[in-house]
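Good morning, colleagues, and thank you for joining this group meeting. I would like to take you through one structure, with the sequence and the model on the screen as we go.

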Amino acid sequence: MPLDIEAIRADFPILERRLPNGKQLVYFDNAATSQKPKCVIDAMSRYYEEYNSNAHRSIHTLAGEATTALEYARERIAAYFGTSPGQLIYTSGATEGINLVAYAWARENLGDGDVIVLTEMEHHADIVPWQQLAIERGVEVRYVPINTESFTLDMDALEVAVVDASLVCVVHVSNVLGVRNPIEDIIDMSHAAGAKILLDCAQGAPHERINFDQLGADFVAISAHKMAGPTGIGCLLVKSDVMEQMVPFMTGGLVIKSVSTEGTTFQEGYAMFETGTPRIAEAIGWGAAVEWLDQFDMREVHEHINNVASWTAAQMREIPGIKIYGEPEREDSSGAVSFLHESIQSQDLALLLDEGGFAVRTGHHCAQPLMDALGVPSTNRASFWIYNTMDEAEAFIAHLQHVIRRFS
Ligand code: PLP
């Protein structure tokens with residue numbers, strides 16, 4: 001059954017919103033964060049209104065309800081990602097997930113002589129922790145270039161780079177280009193070289209169903225807020241044998257078995273890495289989000305997003321002075337259209353689009369090495385998701401044409 005986009009839109013109260021200038025909101029900033037369906041907002045409100053309590057501590061009724069809801073959410077989220085709850089560590093998002101790999105695994109297992117392979121396409125979240133580790137532990141950080149004609153990774157260079165690597169860190173889908181990297185091949189290449197592989201799936205998870213156990217990556221970092229869930233939560237999926245090589249990073253309450261003035265013994269498994277009061281409302285909200293997403297075939301979702309994005313990109317290519325960075329028309333592209341106009345500054349263009357009600361992102365998108373490779377300081381980016389429509393795309397093109405006629 002084809003997706004009923006109008007019914008989907010009805011689940012998102014914010015899409016009714018008019019901006020202060022009376023313009024109808026058209027939300028094309030989904031790669032920054034997605035909107036939240038009402039069931040997610042309701043699940044979080046219900047927790048706060050009816051059973052707000054700390055989890056895993058007291059024995060009263062509310063505490064029991066909060067603990068049950070929290071653990072149910074872990075099971076739902078792990079099942080959504082095709083794995084068991086024991087391989088899921090809650091984090092604040094993809095950034096914290098990647099830092100957790102750097103601090104709890106790499107710091108303990110890598111040092112002088114080890115090579116970490118990154119790509120020029122990485123988000124800063126998957127660059128800076130490794131640069132810090134290089135300073136601290138003497139590991140070598142190597143960058144795989146992109147091909148600036150096809151906007152894809154140079155796979156020949158990657159094959160050479162991983163040969164003596166200990167860890168390969170690759171973005172699943174680029175937040176700037178919408179390009180999906182061939183992660184299955186990269187996992188195979190990395191493992192053949194004896195390296196561990198970390199996938200940054202912050203942008204991939206909202207666009208395709210990730211099955212962690214089938215995929216076979218060692219680490220997968222995900223943010224909830226880009227896939228209909230709340231901000232403040234995400235997870236790091238870790239293979240259980242690799243989790244055994246990790247040491248506690250942030251410590252305090254909950255991660256311990258016992259503490260005395262002599263020292264501390266720690267919990268095992270994921271519990272060793274989730275310290276302090278859990279993200280209870282956020283986990284409950286994310287659980288509701290994956291239940292909501294579970295009703296869809298993500299291949300159909302991808303096809304819908306790709307149709308809207310590729311039609312928009314094709315129209316934009318006809319507008320004089322517009323240059324697109326990426327190939328959103330490719331079938332595996334994930335709904336991000338990065339662009340610049342030759343004479344209107346990107347900030348100005350974003351403001352002019354906002355005046356028409358169109359929310360797009362502008363800036364370096366936390367991907368400055370990629371901007372350097374593209375030879376630009378920033379781009380505008382329209383990014384689409386499940387609830388965006390062709391009507392919105394048509395209105396966007398009409399407004400963009402109007403703005404460009406007026407100001408260039
Ligand atoms: N990786 C990619 C590819 C991203 O697009 C983002 C956020 O935009 C992140 C990592 C960081 O995610 P978060 O800010 O949710 O931790």
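**Salt bridges**

Let me begin with Arg137, which is partly exposed at a relative accessible area of 33%. I should state at once that this is a predicted model, and every value I quote is computed from it.

Which residue does the side chain of Arg137 meet in a salt bridge? The partner is Glu136, with an N to O distance of 3.7 Å. Glu136 is itself partly exposed, and its relative accessible area is 40%.

Glu136 also has a salt bridge to the side chain of Arg107, at 2.9 Å from N to O. Because Arg107 lies in helix 4 and Glu136 in helix 5, residues 128-137, this pair ties together parts that are 29 residues apart in sequence. Arg107 is partly exposed as well, with a relative accessible area of 29%.

Helix 4 brings us to another pair. The side chains of Glu96 and Arg279 form a salt bridge of 3.3 Å, N to O. Here distant parts of the chain are linked, 183 residues apart: Glu96 belongs to helix 4, residues 94-109, whereas Arg279 sits in the loop between strand 12 (263-266) and helix 10 (280-293). Are these two residues buried or partly exposed? Glu96 counts as partly exposed at 25% relative accessibility, and Arg279 counts as partly exposed at 28%.

How many salt bridges does a search of the whole structure find? The search returns 20, and I have shown you only a selection.

**The ligand site**

I turn now to the ligand. It is surrounded by 13 residues, and the closest are Thr95, Asp200, Gln203, Ser223 and Lys226. Sorted by class, this shell consists of seven polar, four nonpolar and two charged residues.

What distances separate polar side-chain atoms from oxygen atoms of the ligand? For Gln203, a polar side-chain atom lies 2.7 Å from a ligand oxygen. For Ser223, the corresponding distance is 2.6 Å. His225 contributes too: an N or O atom in its side chain is 2.7 Å from an oxygen atom of the ligand. On its own, the ligand has 390 Å² of accessible area, and the protein covers 86% of that.

**Cysteines**

The next topic is the cysteines. A disulfide is a covalent bond between the sulfur atoms of two cysteines. How many disulfides does a search of the whole structure find? The result is zero. Cys169, for instance, is in no disulfide, and the nearest cysteine sulfur, in Cys201, is 12 Å away. Cys169 is buried, with a relative accessible area of 0%.

Why does Cys366 form no bond with Cys169? The closest cysteine sulfur to that of Cys366 is in Cys169, and at 17 Å it is too far for a bond. With 26% relative accessibility, Cys366 counts as partly exposed.

**Around strand 16**

Cys366 has a second feature that may interest those who inspect backbone angles. Its phi is positive, at about 55°, although Cys366 is not a glycine. This residue is found in the loop between strand 16 and helix 13. His365 lies in the loop between strand 16 and helix 13 (368-374) too. The phi of His365 is near 60°, again a positive value in a residue other than glycine. Is His365 buried or exposed? His365 is buried, with a relative accessible area of 0%.

Within strand 16 itself, residues 361-363, we find Thr362. Thr362 counts as buried because its relative accessible area is 18%, and the cut-off for buried is under 20%. Which side chains does the side chain of Thr362 contact? One polar contact, of 3.4 Å, is made with the side chain of Ser346. A polar contact of 3.2 Å joins Thr362 to the side chain of Asn380.

**The segment after helix 14**

My last stop is Ser408, in the segment after helix 14 (390-407). Ser408 is exposed, with a relative accessible area of 52%. Ser408 and Glu342 are 66 residues apart in sequence, and their C-alpha atoms are 8.9 Å apart in space.

That concludes the presentation, and I would be glad to take questions.

Technical notes: Residues numbered from 1 in each chain as written. Predicted model: local features only at pLDDT ≥ 70, side-chain atom pairs only at ≥ 80, totals over all residues. Heavy atoms only, no water. Near = heavy atom within 4 Å. Polar contact = N/O pair within 3.5 Å; in protein donor to acceptor, adjacent residues only side chain to side chain. Areas by Shrake-Rupley, 256 points an atom, 1.4 Å probe, with all protein chains shown as cover. Nonpolar A, V, L, I, M, F, W, Y, C, P; charged D, E, K, R; others polar. Salt bridge = Lys/Arg side-chain N within 4 Å of Asp/Glu carboxyl O. Helix = DSSP H or I, 4+ residues; strand = E, 2+ residues; numbered from the N terminus. Buried < 20%, exposed > 50% of the residue type's maximum accessible area, 1.4 Å probe, protein only. Disulfide = S-S within 2.5 Å.
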